[in-house]
Amino acid sequence: MYEETREFILTVIRDVINLPLPAEVGDDLPLGEEGLGLESLATIELVLQLEGRYGIELPEEELDPALVPDLHAFVRTVVDRRAATAGSVAR
């Protein structure tokens, strides 16, 4: 689930938001301008794409840069939310 989610996030950043990505995207790459280049509008677009694809909610407070400093933390947040949503649907 992690790799598929990571690839979807990078595809949205590259193809929908149209941000250039380095050839090698490390999991420690920051999300902001000094890394992936996500600013507030791009982040909103990414969140909308993720919510639509996976049927999850990503509250803004969960995306605080102090909590989600890099790509790995962001992917982990999405994967955890997907697992929690799948668990609540299965009940």
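Good morning. I begin with Arg14, which counts as partly exposed at 40% relative accessibility. Its side chain meets that of Asp15 in a salt bridge, with 3.4 Å from N to O. Asp15 is likewise placed in the partly exposed class, its relative accessible area being 48%. Please keep in mind throughout that the model under discussion is a predicted one.

The bridge between Arg14 and Asp15 belongs to a structure that holds 7 salt bridges. I should like to turn now to a group of these that share residues. Glu4, Arg53 and Arg82 are linked in a network of salt bridges. Which parts of the chain does the pair of Glu4 and Arg53 tie together? The closest N and O atoms of Glu4 and Arg53 are 3.1 Å apart. Glu4 lies in helix 1 and Arg53 in helix 2, so this salt bridge joins parts that are 49 residues apart in sequence.

The network also includes Arg82. The side chains of Arg82 and Glu4 form a salt bridge at 2.9 Å, N to O. That pair links distant parts of the chain, with Arg82 in helix 3 and Glu4 in helix 1, 78 residues apart. Glu4 therefore takes part in the bridge to Arg53 and in the bridge to Arg82, and it lies in helix 1.

Is Arg82 buried or exposed? Arg82 is buried, because its relative accessible area is 18% and the class covers values under 20%. Its two companions in the network fall into another class: Glu4 is partly exposed at 32%, and Arg53 is partly exposed at 47%.

The surroundings of Arg82 deserve a word. Arg82 sits in helix 3, which spans residues 71–90. Neighbours within four places in sequence aside, Arg82 is in contact with Met1, Glu4, Thr5, Tyr54 and Ile56.

Tyr54, one of those contacts, brings me to the aromatic residues. How many aromatic pairs does the structure hold? There is 1 aromatic pair. It consists of Phe8 and Tyr54 in an edge-to-face arrangement, with 5.7 Å centre to centre and 75° between the planes. Phe8 lies in helix 1, residues 2–16, and Tyr54 in helix 2, residues 40–54, so the pair ties together parts that are 46 residues apart in sequence. Phe8 is buried, with a relative accessible area of 13%, and Tyr54 is buried as well, with 15%.

I move next to the nonpolar interior. The largest nonpolar core has 28 residues. Which residues have the most contacts inside this core? They are Ile9, Leu36, Leu38, Leu46, Leu50, Phe74 and Val78. Helix 1, helix 2 and helix 3 each supply at least two residues of the core.

Leu46 may serve as an example. Not counting residues up to four places away in sequence, Leu46 touches Ile9, Val12, Ile13, Ile17, Leu38 and Phe74. Among these partners, Ile9, Leu38 and Phe74 are themselves listed with the residues that have the most contacts in the core.

Finally, the surface. Leu41, Ile44 and Leu48 make a nonpolar surface patch of about 320 Å². Leu48, one of its members, lies in helix 2.

To close, I return to the links between helices. Helix 1 and helix 2 are tied together by the salt bridge of Glu4 with Arg53 and by the aromatic pair of Phe8 with Tyr54. Helix 1 and helix 3 are linked through Glu4 and Arg82. Thank you for your attention.

Key: Residues are numbered from 1 along each chain as its sequence is written. This is a predicted model: local features need pLDDT of at least 70, side-chain atom pairs count only at pLDDT 80 or more; totals for chains, interfaces and linings use all residues. Side-chain values use heavy atoms; hydrogens and water are left out. Rings of Phe, Tyr and Trp (its six-membered ring) pair if their centres lie within 6.5 Å; planes under 30 degrees apart count as stacked, over 60 as edge-to-face and the rest as tilted. Helices (H or I, at least four residues) and strands (E, at least two) are DSSP runs, numbered from the N terminus. Buried means under 20% relative accessible area, exposed over 50%, partly exposed in between (1.4 Å probe, protein chains only). Contact means heavy atoms within 4.5 Å. Patches are made of residues with over 30% relative accessible area and no salt bridge: like charges are joined within 9 Å, nonpolar side chains (Val, Leu, Ile, Met, Phe, Trp, Tyr) within 5 Å. Accessible areas come from the Shrake-Rupley method with a 1.4 Å probe; for residues, only the protein chains shown count as cover. A salt bridge is a side-chain nitrogen of Lys or Arg within 4 Å of a carboxyl oxygen of Asp or Glu. A nonpolar core is a set of buried Ala, Val, Leu, Ile, Met, Phe, Trp, Tyr and Cys residues joined through side-chain atoms within 4.5 Å.
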